[in-house]
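I sat down with this one to look up a handful of spots and jot down what turned up. My notes follow in the order I went through them.

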Amino acid sequence: MAAIAIVIVSHSRQLAEGVRELATQMVRGKVKLAIAAGIDDPQNPLGTDAMQVREAIESVYSDDGVLVLMDLGSALMSAEMALEFLPDERRDKVYLCEAPLVEGAIAAAVAATTGSNIERVIAEAREALAAKAAQLGSQLSLVEDKGQKTNDRGQTKEIHLIIRNQLGLHARPAAKFVATAAHFQSQIEVRNITKGTEYVRADSINQVATLGVRQGHEIAIAARGTDADEALEALQALVEDNFGESDRVLESFPLTSSPSLSPDLQGIPASPGIAIAPAFLYCPTPVQLAERLSADPQTEWQQLQVALQIAKQEIRSLRQQTASQIGDSEAAIFDAHVLFLEDPALLDTVRQNIFERHLNAEVAWHEAVEKLTTTYRQLEDPYLRSRVADVTDVGQRVLRRLTGSNLTALELTHPVILVAPDLTPSDVTKLDPERVLGICMTHGSATSHSAIVAKTLGIPVVVGLTPEVLKLRDETCLALDGESGKVWIDPDEDTIATLQSKRDRVQAAKQKALATAQQPAITRDGKPIPILANISGIADAKVALNLGAEGVGVMRTEFLYLDRTIAPSEEEQLAVYQAIAQLMDTRPFIIRTLDVGGDKPVPYLGLSPETNPFLGWRGIRFCLDRTDIFKTQLRAILRASPGHKIKIMFPMISTVAEVRQAKAILAEVQSELRQANIPFDEAMEVGIMVEVPSAAAIADRLASEVNFFSLGTNDLSQYVMACDRTNAKVAALADALHPAVLRTIQQTVQAAREAGIWVGLCGELAADPLAVPILLGLGIDELSLNPQKIGEVKGAIAQITITEAQAIAQAALKLDSAASVRELVAASLGNNNL
Ligand code: PEP
Ligand code: MG
């Protein structure tokens, strides 16, 4: 009797485990089934890895045959590559099968238990859709059409959307667009209506990016297939969310005056700051290629697959490194780089070059990439044009793998100004700001990712300089001003002195602001008030510490769930919480559990539009219903806690029962961890947000359930004043300084005092220096706010005594409006008594 084994290859570990669970349940574990799913990158766990696939095959290998079933796109590539790594005698016994993953795995497992041979098992897997197809009848024709490009829009659903984010569909939003489209089975296409382009494939990063979609352009998205509605809904949500970008204008350069010395060269300012140092010429030579015709296209194609796989692994580790050392948003460009490598349109061109023109892999790849860079260069839009650097970066990486040539390493023995024709984003992420004091480039633009990364690293950059600069000798003294784009060659003493004094002035102003913010906040009569930060991720946490935060008063964890298509895994969350906990060391770090709903809809969590979302399925209400999501988050928080001062906080509590239920689930998770010998902080404090009027009304009852309260005045004011916090027409009415809100705060603080627990405040009110006397006067123990306002709020605290604050607060409670409260505070602060 044959013993066939099955291997499931999927981008998602959860999906693969689910398929394994289903299949093994059907056959009661009688078939050897292994999975190779996800990748070892906590930030980005979705993906497939050829080595993992090979190990999975080896772990269940049978001479009777191994059937490999895969999910989408690169899963096939990884599986094909895994075969390359198997010994010849085993490779022939492994069969990659195009059958649908779930149905195929179950059908194959059932066939395998009956002792069928491999041919039969494959046939069963391929037939697996038949039952469903019969039941769905005519709809199947849509599925069969899928994958064939068509101009027939007959059964196609189409939506039109306006792009509102600042730079339009540039590389990072395009990457998100493509990644979202790729999650659906339907054939999805997109076109730029404003520019009158044709439809292009929504799963091709290059085709989407080269549509030239800018802010204000109208696009049409067409989807055809069984999940067309869901696909359009997800893409619409992504567009409406501005691809997760904030509305802020790209960082502009400060308008301080630059030294008006006449420079030797004038370029484009790309990253502010002044640098004076010897030049270091860096001109990496492009990989040398030799065109030859190949008689064995299959081998050329396989070599390319191996190079692509290795390049992808390099990019992923670069992404991880960039995220932890520089920041998440800078690291996101590498997601686009991975998508370039998976771009079906690009790979189609390479395939044609190899199989139809019989070119060798290097030349086939190089020609396809060159064609693409020409398309980018011809775009009208300068921002999109500057994406050439990204395409070249990725193209060269693969070529280096194919030809075995290495990048010249930058070995610097002393601080320099780097002079280069162009630097790729990956080059810049590897620079050490202690050694590279400035960068001069002949290519590039201020909005290139290289410049964005340099800015975050604090390296001044001037781009667009004349090519003459590349003829400079190493060690020539250079000076550059990244704010004005000026460069001096062998500057004289006066120029150096002027530039140095500007550099010192800027540096001193920065240091002064930082030094004040680093001081503790103490009232004039000596009461220290802890000032913590509101954050949403690792990058904010670093900024917060630099700006004087004494810990984290609320981490809005929902940001980990937004702007993606599946919930973050326990490991992924753990990595983020651990990274922040490490930064905070033993400073307090309050992690608020998921607060989705309201103005933070998350379509993939099933939060569909509601008539009154702020009064609906939100925060703890959602988590108590979706305990799977809730428990995953609690496990991650608890696992990050040893050695740190992490506290857990539940949002949107309105009843005692909710707190008890949440605590019971927490206790369940704690007991599971104990049983599994996984350590966590047993003494972790548990608190709640007081942001719903009912919670304030029963604060005395809630206080006995928890260790602390944190007042969420953003929500509290909208609920107390009955004003939707997103509705500009009623914004003035929802002022948190209204005596009605202040009385609710007072009531909450009083209940906390009586129960002996502390109470903080983390709504926007905490960042308003005018509110400081009132909040201290009402007895708030600590404030948590936007890190940028820490210096100002600490300054306001230092001006007042607690007795004065109490007098102002008592008077404010008796006033009739928020406006009169503001007048009272302003007058009191102006009064000499204060
Ligand atoms: C609040 O409601 O004041 C608060 C801090 O929470 P969020 O703004 O995230 O709702
Ligand atoms: Mg809130």
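**Notebook: a walk through the model**

I began with Arg 635, which is found in helix α25, residues 627-640. Before going further I noted that this is a predicted model. Is Arg 635 buried or exposed? Neither, as I read it: the relative accessible area is 21%, so Arg 635 counts as partly exposed. The cut-off for buried is under 20%. I also checked a pair that is separated along the chain: Arg 635 and Leu 666 are 31 residues apart in sequence, and their C-alpha atoms are 8.5 Å apart in space.

**Thr 495**

Next I looked up Thr 495, which sits in helix α21, residues 493-518. Thr 495 counts as buried because its relative accessibility is 8%. I then asked which side chain Thr 495 makes a polar contact with. The partner is Asp 492, and the contact between the two side chains is 2.6 Å.

**Helix α14**

I wanted to know how many residues of helix α14 are buried. Eight of the ten residues in 333-342 are, so the helix is largely enclosed by the rest of the structure. I wrote down the buried ones: Ile 333, Phe 334, Ala 336, His 337, Val 338, Leu 339, Phe 340 and Leu 341.

**The antiparallel sheet**

Here I traced an open sheet of four strands, in the order β5-β8-β6-β7, with antiparallel pairing. Its edge strands are β5 (157-162) and β7 (200-201), each of which pairs on one side only. I followed β5 to its neighbour β8 (residues 218-224) and found six bridges, with the two strands running antiparallel. For a landmark in that pairing I took Ile 159, which stands opposite Ile 221 in β8.

**The parallel strands**

I moved on to β22, residues 708-711. In a regular strand, side chains alternate between the two faces of the sheet. I therefore checked each face of β22 separately: Phe 708 and Ser 710 are on one side, Phe 709 and Leu 711 are on the other, and all of them are buried, so both faces are covered.

What does β22 pair with? β21 pairs with β22 in the parallel sense over four bridges, and β22 is joined to β23 by four bridges, also parallel. Phe 709 shows up in both pairings: Phe 709 is the bridge partner of Ile 688, and Phe 709 stands opposite Val 759 in β23.

From β23 (residues 758-761) I carried on to β24, and the two run parallel with two bridges between them. Gly 760 has Glu 782 in β24 as its bridge partner. The route from β23 to β24 includes helix α31 (residues 772-778), and the three elements make a right-handed β-α-β unit.

β24 also has β17 (residues 531-535) to pair with, through three bridges and again parallel. In that pairing Ile 531 stands opposite Leu 783. I then looked at whether the faces of β24 (residues 782-785) are covered or open, and both are covered. Glu 782 and Ser 784 are buried on one side, and Leu 783 and Leu 785 are buried on the other.

**The magnesium ion**

Which residues coordinate the magnesium ion, ligand 2? I found Glu 691 (OE) and Asp 715 (OD), at 2.0 to 2.1 Å. Glu 691 lies in the loop between β21 (686-690) and α27 (693-697), while Asp 715 is in helix α29 (residues 713-720), so the pair ties together parts that are 24 residues apart in sequence. Both Glu 691 and Asp 715 are buried.

**Ligand 1**

Last, I looked at what surrounds ligand 1. There are 14 residues around it, and Arg 556, Arg 592, Gly 712, Asn 714 and Arg 725 come nearest. Helix α29 supplies the largest share of the shell, three residues.

I went through some of the contacts one by one:

- A polar side-chain atom of Arg 556 is 2.7 Å from an oxygen atom of ligand 1.
- For Arg 592, an N or O atom of the side chain is 2.7 Å from a ligand 1 oxygen.
- Gly 712 uses a polar backbone atom, which is 3.4 Å from an oxygen atom of ligand 1.

I closed by looking up how much of ligand 1 is covered: taken alone it exposes 290 Å², and the protein buries 99% of that.

Notes. Residues are numbered from 1 along each chain as its sequence is written. Chains are lettered from A and ligands numbered from 1 in the order in which they are written. This is a predicted model: local features need pLDDT of at least 70, side-chain atom pairs count only at pLDDT 80 or more; totals for chains, interfaces and linings use all residues. Side-chain values use heavy atoms; hydrogens and water are left out. Buried means under 20% relative accessible area, exposed over 50%, partly exposed in between (1.4 Å probe, protein chains only). Two strands pair if DSSP finds at least two bridges between them. A crossover is right-handed if, with the strands pointing away from the viewer, the path from the first strand over the helix to the second runs clockwise. Donors are N, O and S atoms within 2.8 Å of the metal (3.2 Å for Na, K and Ca); water is not among the atoms, so sites may look incomplete. A residue is near a molecule or strand if one of its heavy atoms lies within 4 Å of it. A polar contact is a pair of N or O atoms within 3.5 Å; within protein, one must be able to donate a hydrogen and the other to accept it, and residues adjacent in sequence count only if both atoms are side-chain atoms. Accessible areas come from the Shrake-Rupley method with a 1.4 Å probe; for residues, only the protein chains shown count as cover.
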